[in-house]
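Let's take a walk through this protein together, one piece at a time. Have the coordinates open in your viewer, and we will start with a small puzzle about strand pairing.

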Amino acid sequence: MTATRPPALSATSLAVAATRDDCLALDARDPLASLRERFDLPDGVIYLDGNSLGARPRAALARAQEVVAREWGRDLIKSWNTAGWFEMPKRLGDRLAPLIGARPGEVAVTDTTSLNLFKALAAALAMQAERSPGRKTIVTERGNFPTDIYMADGLARWLDRGYRVRLVEDLDKLEAAVDADCAVLMLTHVNYRTGRQHDMAALTRHAHANGALAVWDLAHSAGAVPLDLHAAGADFAVGCTYKYLNGGPGAPAFIWVPQHHQAAFRHPLTGWWSHAAPFAMSHGFEAADGIGRALCGTQPVVSLALVECGLEVFEATGMEAIRAKSLQLTDLFIALVEARCAAHPLGLVTPREHERRGSHVSFTHPHGYAVMQALIERGVIGDYREPAIMRFGFTPLYTRFVDVWDAVEVLRDILDNETYDKNATRSAVT
C-alpha cells in the first residue's frame, strides 16, 4: 500500500501548538489517526511505553481464541498442516521483511532476540574464522543493551579460542575500535537508553572497509524508523516483535540472514526445525536451505499467531509516514517539556537531530524513578532505566498529539508540586 505522509510539523507549527486545542487540531488532520482504533487502549491512560511493550491490537484477542479453541481445541495436531503452523516462522518473516528492507525468504520469526543474536554472532565468527582467522574481537558500545553484551561475552568465553568483546565508552572512538583484530561490529541501531540512532550504512561500510562483519540489533527501530538492510549493506540483523511491532509480551523475535550469506550461515543451535528433512528423523544433521537454517526447535504457535495481528496494522500505512509522525511527536514533546518544565533539573539525553533520533525520548532527573512512578499513578505510562533516565516512547500508530500535551501537563504538575515519593522502592521491571 502507498504510504500517506502526515503534514510536516515545522518549527513554526511547534511554536503554534501552544494550547491543548492546537494539539487536537493536529490530531484532526493526522492521516494515521484512524489506526488508533485498531488497538485496545484502556480509558484514562496515556501509553508512552510502546518502545518496551506495544499495545494490544484488537484483532489479537479473537486470533488467540481462534488458535486455542479451533486450531488446537478442535483440529488438534492436524493444524500443523491445515492451519499452516509449521510454515508460520517463514510466512511471518516474509510479512515482516518489508518493514526492514529485507527480501522474501530472508527473515524468520522465531526464538528470542538473545538466541537469534547468538546465532548471528556464531555464524559471523565462523565466517571470519575461515577467511580471517586472526580476527578475534567483537566490538560494541558499552551502552549497548546488556543482554547483547552478555551473549557476545558468553559466546567468546565458550569458544575459548582467544575471542573477546571490546566495549567502547566514547562513541567518537567507535570507528577506531574496528581495527585489524575486529571480526564483528555488533551494535543496536537505536540505543535503548538514549534513543540515539546510529548511521547504519556508514558504520557498516566502515566495518567492511576494515575487514569486519556488521551485526545489527533492531529491537528499538523495527516498526519505528525506516530500515533498508540491503541498502545499508548489513550482514545480519535481529530484533524483537513485542515493542513497536505490537506482537504481545515475550512474543518471538526475528532474525535476518541475507540470501548471499545463507549458504555460509551455520551456528551450534542445530535443532530439528533447522534440519533439511526434520521428519526423516535421521541420525546426522543436515542444515536446511535458506532462512530455515536459522531456526532451532519447535515453535510457540500461539505467540506466533499474535505477531501476525501486529504486522497486519503496518500494511495499512508505510514506514515513511510512521517516521514522519514519530519525529513530529518527539519534536513536540521535547519542545513542551523544555518550555513548561524549565524550572526543574531535567536533562535531555536524546539527540535533537532527526537523523540521530529513534522514536523514544529520554530525560534525566535526580529523582527520575520516583517521578516516573508518580506519572504512572496518574495514568501516564512511560518507564525508567538506570541511571536516572525517564523514557517516553511514541508509537505513531496510536499515540496522539493531545497525548503529548496531556502527558507534559501531568509531568509539570508533578514536578511543580513535588508530588512524588523520593524514597520510592525500585520495582523489578519499571
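In strand 5, which residue is the bridge partner of V139? The answer is L185. Before building on that, a word on what you are looking at: this is a predicted model. Its mean pLDDT is 95, and 96% of the residues reach 70 or more. Residues 1-9 are a stretch to treat separately, since pLDDT stays under 50 there; for these residues the model has 27 contacts beyond four places in sequence.

Back to our pair. V139 and L185 are bridge partners, and strand 3 and strand 5 run parallel, joined by three bridges. Both strands belong to an open sheet of seven, in the order 2-8-7-6-5-3-4, with mixed pairing. Strand 2 and strand 4 are the edges, each pairing on one side only. On average, neighbouring strands in this sheet are turned by 20° against each other, direction ignored.

Where does the mixed pairing show up? Strand 7 (residues 236-239) is a good place to look. Strand 6 runs parallel to strand 7, with three bridges between them, and V215 stands opposite F236. Strand 8 (residues 254-256) pairs with strand 7 in the antiparallel sense, again over three bridges, and here V238 stands opposite I255. The side chains of strand 7 alternate: F236 and V238 point one way, A237 and G239 the other, and all of them are buried.

Now follow the chain past strand 6 into the loop that leads to helix 10 (229-232), where you will find L218. Is L218 buried or exposed? With the cut-off for buried at under 20% relative accessible area, L218 counts as buried because its relative accessibility is 0%. Leaving aside residues up to four places away in sequence, L218 touches I100, H189, M200, L227, L229, A237, V238, G239 and F254. Two of the strand 7 residues we just met, A237 and V238, are thus among its contacts.

L218 also matters to the next part of the tour, the largest nonpolar core. This core has 57 residues, and I100, W216, L218 and F254 touch the most other members. Helix 12 (residues 301-314) supplies the largest share, seven residues. Nonpolar side chains in soluble globular proteins do tend to be buried together. There is also a second, separate core of 35 residues, which includes L48, M372, F392 and W405.

Helix 12 deserves a closer look. Ten of its 14 residues are buried, so this helix is largely enclosed by the rest of the structure. The buried ones are V301, L304, A305, V307, E308, C309, G310, L311, V313 and F314. Their cover includes helix 3 (59-72), helix 4 (79-82), helix 5 (88-96), strand 2 (107-109) and helix 13 (319-340).

Helix 7 (residues 146-159) offers a quick geometry check. At 1.5 Å a residue, its 14 residues should span 20 Å, and the end C-alpha atoms are 20 Å apart, which agrees. Its buried residues are T147, D148, I149, A152, L155, A156 and L159. An α-helix has 3.6 residues a turn, so residues three or four places apart point the same way. The buried residues of helix 7 pack against helix 6 (113-131), strand 3 (137-141), strand 4 (164-168), strand 5 (182-188) and strand 6 (213-217), which brings us back to the strands of our opening pair. Just after the helix, D160 takes a positive phi of about 50°. For a sense of scale, L218 and A152 are 66 residues apart in sequence and 16 Å apart in space, C-alpha to C-alpha.

Our last stop is another open sheet, with four strands in the order 9-10-13-12 and antiparallel pairing. Its edge strands are strand 9 (347-348) and strand 12 (383-385). Strand 10 (residues 360-364) and strand 13 (residues 389-393) pair over five bridges, and H360 stands opposite G393. Helix 13, one of the elements covering helix 12, packs on this sheet and touches strand 9, strand 10 and strand 13. The direction of helix 13 makes about 20° with that of strand 10. Helix 14 (residues 368-377) lies across strand 12 and strand 13, running at about 35° to strand 13.

Notes
Residues are numbered from 1 along each chain as its sequence is written. This is a predicted model: local features need pLDDT of at least 70, side-chain atom pairs count only at pLDDT 80 or more; totals for chains, interfaces and linings use all residues. Side-chain values use heavy atoms; hydrogens and water are left out. A nonpolar core is a set of buried Ala, Val, Leu, Ile, Met, Phe, Trp, Tyr and Cys residues joined through side-chain atoms within 4.5 Å. Buried means under 20% relative accessible area, exposed over 50%, partly exposed in between (1.4 Å probe, protein chains only). Helices (H or I, at least four residues) and strands (E, at least two) are DSSP runs, numbered from the N terminus. Contact means heavy atoms within 4.5 Å. The expected span of a helix is 1.5 Å times one less than its number of residues. pLDDT is the predictor's confidence in each residue, from 0 to 100. Two strands pair if DSSP finds at least two bridges between them. Axes are lines fitted to C-alpha atoms, for helices over the stretch in contact, and angles run from 0 to 180 degrees between N-to-C directions.
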